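Here is a friendly walk through one structure, starting with its open spaces and ending with a sheet and a ring pair. Have the 3D view open as you read.

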Amino acid sequence: MDRVRGPFSKRSVAGRLAADAARLEQAMDGVPQGVVVCDEDGRVVYRNRLAARLAGTGDDGAAAEQEVEAVLDLALQGSRERRTLELYGPPRRVLVLSGRPLDDGGHPIGAAVVIEDVSERRRVDKMRRDFVANISHELKTPVGALALLAETLVAEDDVHVTQRLATRMHAEALRVGRIIEDLLDLSRIEAEETPSREPVAVQLVVAEAVERVRALAEGRGITLDAPEPPEGLTILGDRRQLVSAVFNLLENAVKYSESGSTVSVSVTTEGALVLVAVVDTGVGIPARDLERVFERFYRVDRARSRDTGGTGLGLSIVRHVAANHGGEVKVTSREGKGSTFTLRLPSGPGRVGVTVEAS
């Protein structure tokens, strides 16, 4: 007679244990931290997928593995250890290792280390600190000037001096206003990571941006060269953001160009991309600064930027607009010869882009 297998037979228990182990392994592979477990003799018996990836290979991987072993050893001795490990890569990473002993209620059965990659958090925190420090510095100068000018104005009886002081106060107030306006603009653009998508005529974007910068260009004696873009060419995106990006490129070019020079803006296509290029023959950008010009408040020449009324936010706005539209912004420059900034954006419905041969 066949023996009936009950719910607690050896096969069912083994099956349940295997299923539990598989579920646990898959769950641990899904957590956002690395986990390493060793037995009471210090032998590693489990390492989830992220822990294996964080250990990696090469010098950084060896350093991470050595630190994990050290934390496990301390945890086996009953210590709850927490360490921060900086790996210089590339890529540069910061790992936090937290070790703890494991027991079955009375006897030690091993130890575990949880590995958390806090690189992005550290980067964001640094950006936040830098931003607060930079904006405080940028506002401190004009606000301090306004306070000093106002104090001088109160005690001044000479009409001509009063007018001169009032003129300077007006200029400093406008500077504060520009900083605040650019900050609000940047904040809005960053918040709209997926802006409204509708076909926007490139011709209208360029025309509006050129018109906005025309008064500044005329005041500085700079000629704007803006040939008519190809008809029917569109970009799928937010018109206000696109105009803001082209305007900021034009304004930047005008401010860093000498009187009597020309700033040009042209539109071409390359496959499925629309290329909007702004070219100037101004002071140019040193090679060491090319990668940083899109950072908030970064200026190649801080003194000249203040003289031109720059806030240091324009190119950061351009970079965010390009990213929001699935594109990018590129720069080429030679110090003393000028710069070319190119917005590369996916074309919208309408005219199909044609490949332009590189010169």
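A pocket is found on a 1 Å grid over the protein atoms alone, as an open set of points with protein on both sides within 12 Å along at least five of seven lines, and lining residues have an atom within 4 Å of a point. Grid points are joined across faces, edges and corners, and a volume is the space filled by probe spheres set on the points. By these rules, the second largest pocket has a volume of about 450 Å³.

A word on the model before going on. This is a predicted model, in which local features need pLDDT of at least 70 and side-chain atom pairs count only at pLDDT 80 or more, while totals for chains, interfaces and linings use all residues. Residues are numbered from 1 along each chain as its sequence is written, and side-chain values use heavy atoms, with hydrogens and water left out.

**The pocket**

Which residues come closest to the centre of the second largest pocket? Of the 16 that line it, they are Arg-123, Lys-126, Met-127, Asp-130 and Glu-295. Helix 4 gives the largest share of this lining, seven residues, and helix 9 (314–324) also supplies at least two. Helices (H or I, at least four residues) and strands (E, at least two) are DSSP runs, numbered from the N terminus. By class, the lining has four nonpolar, three polar and nine charged residues. Here Ala, Val, Leu, Ile, Met, Phe, Trp, Tyr, Cys and Pro count as nonpolar, Asp, Glu, Lys and Arg as charged, and the others, Gly among them, as polar.

**The cavities**

A cavity is a set of grid points where a 1.4 Å probe fits but cannot get out. The whole structure holds two cavities of 30 Å³ or more.

| Cavity | Volume | Lining residues |
|---|---|---|
| Largest | about 40 Å³ | Val-202, Val-205, Ile-235, Leu-242, Val-246, Val-276, Leu-343, Leu-345 |
| Second largest | about 40 Å³ | Ala-51, Leu-54, Ala-55, Ala-64, Val-68, Leu-95, Leu-97, Ile-115 |

The lining of the largest cavity has eight nonpolar residues, no polar and no charged ones. Helix 6 (202–219), helix 7 (239–255) and strand 12 (338–346) each give two or more residues to it. For the second largest cavity the classes are eight nonpolar, no polar and no charged. Its largest share, three residues, comes from helix 2.

**The sheet**

Five strands form an open sheet in the order 2-1-5-4-3, with antiparallel pairing; two strands pair if DSSP finds at least two bridges between them. Strand 2 (44–47) and strand 3 (82–87) are the edge strands, each pairing on one side only. From one strand to the next, the twist averages 20°. Axes are lines fitted to C-alpha atoms, for helices over the stretch in contact, and angles run from 0 to 180 degrees between N-to-C directions.

Helix 4 (residues 119–154) packs on this sheet, touching strand 3, strand 4 (93–103) and strand 5 (108–117), and its direction makes about 130° with that of strand 4. Contact means heavy atoms within 4.5 Å. At the other edge, strand 1 (residues 34–39) pairs with strand 2 over three bridges, and Cys-38 stands opposite Val-44.**A ring pair**

Rings of Phe, Tyr and Trp (its six-membered ring) pair if their centres lie within 6.5 Å; planes under 30 degrees apart count as stacked, over 60 as edge-to-face and the rest as tilted. The count comes to one aromatic pair. The ring centres of Phe-294 and Phe-341 are 6.1 Å apart with planes at 85°, so this pair is edge-to-face. Phe-294 lies in the loop between strand 10 (273–280) and helix 8 (302–308) and Phe-341 in strand 12, so the pair ties together parts that are 47 residues apart in sequence.
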